[in-house]
Each structure stands twice: as structure tokens, then as C-alpha cells.
Amino acid sequence: MVTIPLLVAAARCQDSDLCAAAALLSLVATFSILPLLPLTRLETAVKWLLLGAGHAVEVCLLQRFSSPRSNYGLDWLRALRVGPLPGLAVASAWLLVAAYCELGGHQLVFKGRMEFLPLLIMSDFSAVFVL
């Protein structure tokens, strides 16, 4: 909900760089709250499906509203670069964090203890990415 005004502003100003940054920020913001949603198999599948579909719609709309003079296309690996870390390393770490938090890695390691840890890890990882 917080990124919706940014997405609207990016679409209205028709700047391809701002559209790309807004789409990436929206993806990170949604990713960071996934541990707050229930962790049953069906609900995990539904939330990942909605994450992918929702952000695909966002990117399509931003592409449609970006300036026709600019060549809108988000280079995901370049956009995911954090400091000296290449985008591929950050994407791999992101997938590892997602697997740990969402695919049962935490349950295997801690067996129902430290329920707050997946949210803490995901929030910290997302905060570092945004910075």
C-alpha cells in the first residue's frame, strides 16, 4: 500500500528510470512482508502466485505508461546490484532467504521455535537492499 503512490507518480511522470526503481521497490516491499502471511502449503502457493501476478501487472502498466521516447526495460541484474555485490549474487541470496523463510527451511532448523526469525531475516535483508 505504501508504494502505490510512488507507482502512480512514476507512471504519470513517464520517466523510465523512475518506473524501473518503483517496480523494484514495490517488489522488495511486498517480498518483505511475506512471512506475516500464513505458512500452510496452499497459502504459500497462493501468496507467491499473487506476488508474481501482481508485479507482472505493475510492470506491464508501467511499461505502457512510460515515455514512448524512452526504451523502458528493467535490467534486473544491474538493478539488483548492492554496493560491490553483483546483481546475480544478490538475486541468489534473495532466493536463498525466500527458500529459508517460505519453503520450510526455518521449520527444519528450529522445529517451531523462534517464530519471529523469518520475519526478522526477511525485513533486514529487504532493508539492506533498499538502502
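This is a conversation about a few aromatic residues and one loop residue in a predicted model.

Student: How many aromatic pairs are there here?
Tutor: In this predicted model, the count comes to two aromatic pairs. In one of them, the rings of Phe31 and Trp48 have their centres 6.3 Å apart and their planes at 70°, so this pair is edge-to-face.

Student: Which helices do Phe31 and Trp48 lie in?
Tutor: Phe31 belongs to helix α2, residues 16–32, and Trp48 to helix α3, residues 41–65, so their pair ties together parts that are 17 residues apart in sequence.

Student: And is Phe31 buried or exposed?
Tutor: Phe31 counts as buried, because its relative accessibility is 3%, whereas Trp48, at 27%, counts as partly exposed.

Student: What about Phe31 and Trp94, how are their rings arranged?
Tutor: Phe31 and Trp94 form an edge-to-face aromatic pair, with 4.9 Å from centre to centre and 85° between the planes. Since Phe31 lies in helix α2 and Trp94 in helix α5, residues 87–102, that pair ties together parts that are 63 residues apart in sequence. Trp94 has a relative accessibility of 11% and therefore counts as buried.

Student: Which residues make up the aromatic cluster, then?
Tutor: Phe31, Trp48 and Trp94 together form one aromatic cluster.

Student: Changing topic, where does Met114 lie?
Tutor: Met114 is in the loop that runs between α6 (105–110) and α7 (117–130).

Student: What is the phi of Met114?
Tutor: The phi of Met114 is near 55°, which is a positive value in a residue other than glycine.

Student: Why does Met114 count as partly exposed?
Tutor: Its relative accessibility is 35%, and partly exposed covers the range between under 20%, which is buried, and over 50%, which is exposed.

Terms used:
Residues numbered from 1 in each chain as written. Predicted model: local features only at pLDDT ≥ 70, side-chain atom pairs only at ≥ 80, totals over all residues. Heavy atoms only, no water. Helix = DSSP H or I, 4+ residues; strand = E, 2+ residues; numbered from the N terminus. Buried < 20%, exposed > 50% of the residue type's maximum accessible area, 1.4 Å probe, protein only. Phe/Tyr/Trp six-rings, centres within 6.5 Å; stacked < 30°, edge-to-face > 60°.
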